[in-house]
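Good morning, and thank you for making time for this presentation. Please have the sequence and the model open while I speak.

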Amino acid sequence: MELQNRVKELRARFDWTQGSLGDRVGVTRQTIAAIEKGDYTPSLTLALKICNVFHLKMEDIFWLTKGVEEDE
Amino acid sequence: MNNIFFLAILNIVTVLLFGWVLIELYDAQLQFVEVMENPEPPWAIEMNAFPFLLLFVICAPIYIYLLVRTKRERKSVWKAFMLPMEFKETDERERMITAKACRGSYVVMMFAMPIAAGLLIMYPTIQDTLPYYPIIIVILLLLIQMISYFYTLHKNFSKVSGL
């Protein structure tokens, strides 16, 4: 299972940079970039913070798709 | 990324210089033992000051600069002094990468330590030609730990870079 997200799209809609979103949720710009690319799976707390700043539910931003999960 | 590479080089150079300083001090200690055995003057202890100079002139100012910068990032003098500068812990992703690097380093050390302990068995046979052999082994262990840490850190930063 692979975690997909709409962070990039929502960020563009809100006209926020990766840095400004990072500041809002308390992470670095690189972490936001990694989440958008799907390189990094955020913790539940961070995912909830992202949902909170976009005023959306978890399932509206993050969802799972079937795929090869790369661990390690 | 460049910061990690720079820190890796700086740490390795510092450890090598520190090892050289220890070897010089060990040599001085050997001379001191000879003096103690025969305290009749005149006697002298000779020591190469070059590694000390290199350590204090090159590494010390860079470390002081990095400490000041780290203090600003970590917002705590205690954390800046007590935690290695190569620990990246700004957010959860960096903490995860640091944790993976520590894990990698631990695994490498788990194999390196018994090998190093085994290598120390050879000490009596090479004691005369290489009296500071244990210092070399300990410095090698430090280098192995650092290199494995930086290698894993670099690998994970490239993998979860977001760039």
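I begin with B:Thr152, which counts as buried at 12% relative accessibility. This threonine belongs to helix 6 of chain B. The model I am describing is a predicted one, and every value I quote is computed from it.

What does B:Thr152 contact, once its neighbours within four places in sequence are left aside? The partners are B:Lys100, B:Ala101 and B:Gly104. As for B:Phe18, its C-alpha atom is separated from that of B:Thr152 by 24 Å, and the two residues are 134 apart along the chain.

Let me say a word on confidence before going further. The predictor assigns the complex an ipTM of 0.81 and a pTM of 0.83. For chain B, the mean pLDDT is 88, with 96% of the residues at 70 or more. Among the elements of that chain, helix 4, residues 92-119, has the highest mean pLDDT, at 94. The lowest mean, 80, belongs to helix 3, residues 77-82.

I turn now to the nonpolar cores. The largest one has 20 residues, and B:Phe150 and B:Leu153 have the most contacts inside it. Which elements give two or more residues to this core? They are helix 1 (2-37), helix 2 (50-74), helix 4 and helix 6 of chain B. Helix 6 of chain B gives the most, with 8 residues.

With neighbours within four places in sequence set aside, B:Phe150 is in contact with B:Ile4, B:Leu7, B:Ala8, B:Asn11 and B:Glu86. Apart from this core lies another, of 18 residues, and its members include A:Trp16, A:Ala47, A:Phe54 and A:Ile61.

Two of those residues lead to the aromatic pairs. Over all chains, the structure holds 7 such pairs. One of them is formed by A:Trp16 and A:Phe54, and it is stacked, at 5.5 Å centre to centre with 20° between the planes. This pair links distant parts of the chain, 38 residues apart. A:Trp16 sits in the loop between helix 1 (7-13) and helix 2 (18-25) of chain A, whereas A:Phe54 is in helix 4, residues 44-54, of chain A. Both A:Trp16 and A:Phe54 are buried.

In chain B, the rings of B:Tyr123 and B:Tyr133 have planes at 10° and centres 6.2 Å apart, so this pair is stacked. Here too distant parts of the chain are linked: B:Tyr123 lies in helix 5 (residues 123-126) and B:Tyr133 in helix 6 (residues 133-159) of chain B, 10 residues apart. B:Tyr123 is buried, with a relative accessible area of 17%. B:Tyr133 is buried as well, with a value of 8%.

Returning to chain A, ring pairs join A:Phe14, A:Trp16 and A:Phe54 into a cluster. In addition, A:Arg24 lies over the face of A:Trp16, at 3.9 Å from the ring centre.

Next, the backbone. Where in chain A is A:Asp15 found? A:Asp15 is in the loop between helix 1 and helix 2 of that chain. A:Asp15 has a positive phi of about 60°, although it is not a glycine. With 68% relative accessibility, A:Asp15 counts as exposed.

A:His55 is also a residue other than glycine with a positive phi, in this case near 55°. The loop that holds A:His55 runs between helix 4 and helix 5 (58-61) of chain A. Its relative accessibility is 67%, and A:His55 therefore counts as exposed, the cut-off being over 50%.

Chain B offers a backbone feature of another kind: the peptide bond from B:Pro41 to B:Pro42 is cis, with omega near 5°. B:Pro42 lies in the loop between helix 1 and helix 2 of chain B.

I close with the cysteines. How many disulfides does a search of the whole structure find? The search finds 0 over all chains. Is B:Cys59 buried or exposed? B:Cys59 is buried, with a relative accessible area of 2%. B:Cys102, by contrast, counts as partly exposed, at 32% relative accessibility.

Thank you for your attention.

Methods. Residues are numbered from 1 along each chain as its sequence is written. Chains are lettered from A and ligands numbered from 1 in the order in which they are written. This is a predicted model: local features need pLDDT of at least 70, side-chain atom pairs count only at pLDDT 80 or more; totals for chains, interfaces and linings use all residues. Side-chain values use heavy atoms; hydrogens and water are left out. Rings of Phe, Tyr and Trp (its six-membered ring) pair if their centres lie within 6.5 Å; planes under 30 degrees apart count as stacked, over 60 as edge-to-face and the rest as tilted. Helices (H or I, at least four residues) and strands (E, at least two) are DSSP runs, numbered from the N terminus. Buried means under 20% relative accessible area, exposed over 50%, partly exposed in between (1.4 Å probe, protein chains only). A charge sits over a ring if NZ of Lys or CZ of Arg is within 6 Å of the ring centre and within 35 degrees of the ring normal. pLDDT is the predictor's confidence in each residue, from 0 to 100. A nonpolar core is a set of buried Ala, Val, Leu, Ile, Met, Phe, Trp, Tyr and Cys residues joined through side-chain atoms within 4.5 Å. Contact means heavy atoms within 4.5 Å. A disulfide is a pair of cysteine sulfur atoms within 2.5 Å.
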